[in-house]
Each structure stands twice: as C-alpha cells, then as structure tokens.
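Load the model in a viewer and keep the selection panel open. The stops below go from one selection to the next.

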Amino acid sequence: MSAAPVDVVEHLRHLLDRIGVDWEEGTRDGETVVTLPGERKLRTVVSLLVGERALDLRAFVIRHPDENHEELYRHLLRRALRLPGLGYAVDAVGDVYVTGRLPLAAIEEETVDELLGAVLAACDDPFDDLLRLGFWTSIRREWAWRRSRGESTANLEAFRAELERLDGAAGQPPVPGAGRAAPQ
C-alpha cells in the first residue's frame, strides 16, 4: 500500500535535505520548488508536484526563442534522445521546459538525486547553444550597444570569441540589425 501524498511530500523534502539542495514549499498543494545552481544558466528552478500516483516534474529552460525556432527545437529533440526519464516540452507561448514523471514508489534518495542531476544537465548544459540559436540577433545587438557605450560585456562572456571575430571581420563593431546569419 502506498503512503498518503502528505507522507510522500514529507519523505521527498527529507530526501532533498539529505541530498543538500535548496527547496521551498510551492504554491500548489503537494508542490516543492527546488533551486539548482548552474554553470551556464545562473540557476534552474524545478517544480516537484506530488500527485496521487506520481511525482510530476517541470523545470524552465528558456523563454520563447526570437529566431531559428525550427533549428532550436531540432537541437532539443536530438538532446531528448539522451535524457533519462525526461523530455523537453513547449508551453502555449513557446517557452521551453524539461518535464518528467516518477512513480511515487520510486522516490528514494539515489533516484531523486540522479533525476535532479539529469534535470540540471538538461537545462544548464545546452543553455549557451540555445541562446546562440534562438537569440543571436539580440546578443549581437546587446554586444554592439554595450561596446559603443563602454559598458561591461561580462554577461556576454560565453559569446566573446564569436562576437569579437564578427567585429574583426567587419573591421569595426557590428551594426545592430545588420543581418548577419546566426551560426548553425
């Protein structure tokens, strides 16, 4: 016989404490929200919702891309082949999430730890590539704007080599909206 969902929520939160991840009570009944620190993406917020039979998981990856939708989604679908028990999903406005479901009986320390590790990898590892694919024009504009005003470009560090190569190719900083094709 399975435990009542309240018991499962308490068990899950105890496991999260043992694993050492930050969590807080969510806004929905049975929801726990976990915050995972990232390397490329500052943090990944994961909603864990205990239902009657399963633990549902959802983590925000990236907002609706501005451009190259088909290539970005193709990239995610290829990555999804390697995700253990997880998948990428798109909501009604086009924002990208990682989703998953785990039977309540499988909520054990090792399983939850591995699942959260997989979620972090699915959100954090491809983050810079997703920005390149879906927001390259905005990145170029931001780079040019910051450079023209002597502002810090620290938040664009992951793209510095490519942006400087574009600067050098033109002999001057790129003009916002100049129409360079996004890298493929």
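Start with β2 and β3, which pair in the antiparallel sense over seven bridges. This is a predicted model. The two strands form a hairpin, with five residues between β2 and β3. For a single pair to display, pick V33 and look across to S47 in β3, which stands opposite.

Stay on β2 and colour by accessibility. Five of its seven residues are buried, so β2 is largely enclosed by the rest of the structure.

Next, add β1. Four bridges join β1 and β2, again in the antiparallel sense. Select D22 and its bridge partner T35 in β2. β1 and β2 also form a hairpin with five residues between them, and G30 in the turn has a positive phi of about 85 degrees.

Now show every strand. In what order do the six strands of the open sheet lie? The order is β1-β2-β3-β4-β6-β5, with antiparallel pairing. β1 (22-25) and β5 (86-90) are the edge strands, each pairing on one side only. From one strand to the next, the twist averages 25 degrees.

Go to the β5 edge. β5 runs antiparallel to β6 (residues 96-103), and five bridges join the two strands. One pair to select is G87 with its bridge partner T99 in β6.

Then bring in helix α3, residues 109-124, which packs on the sheet. Its contacts are with β2 (31-37), β3 (43-50), β4 (54-62), β5 and β6. The direction of α3 makes about 25 degrees with that of β4.

Keep α3 and add helix α1, residues 5-19. At what angle do α1 and α3 pack? The angle is about 70 degrees, and the axes are 10 Å apart. An angle of 65 to 115 degrees counts as roughly perpendicular, and α1 and α3 are therefore roughly perpendicular to each other. Their crossing is right-handed. To see the contact, show side chains for L12, L15, L16, R18 and I19 in α1, which meet E109, V112, D113 and L116 in α3. By class, this contact has six nonpolar, three charged and no polar residues.

Last, select N68, in the loop between β4 and α2 (69-80). N68 is not a glycine, yet it has a positive phi of about 50 degrees. Is N68 buried, exposed or partly exposed? Its relative accessibility is 26%, so N68 counts as partly exposed.

Key: Residues numbered from 1 in each chain as written. Predicted model: local features only at pLDDT ≥ 70, side-chain atom pairs only at ≥ 80, totals over all residues. Heavy atoms only, no water. Pairing = 2+ DSSP bridges. Axes fitted to C-alpha atoms, helices over the stretch in contact; angles between N-to-C directions. Contact = heavy atoms within 4.5 Å. Parallel < 35°, antiparallel > 145°, perpendicular 65-115°, else oblique. Left-handed = near helix turned anticlockwise from the far one by under 90°. Nonpolar A, V, L, I, M, F, W, Y, C, P; charged D, E, K, R; others polar. Buried < 20%, exposed > 50% of the residue type's maximum accessible area, 1.4 Å probe, protein only.
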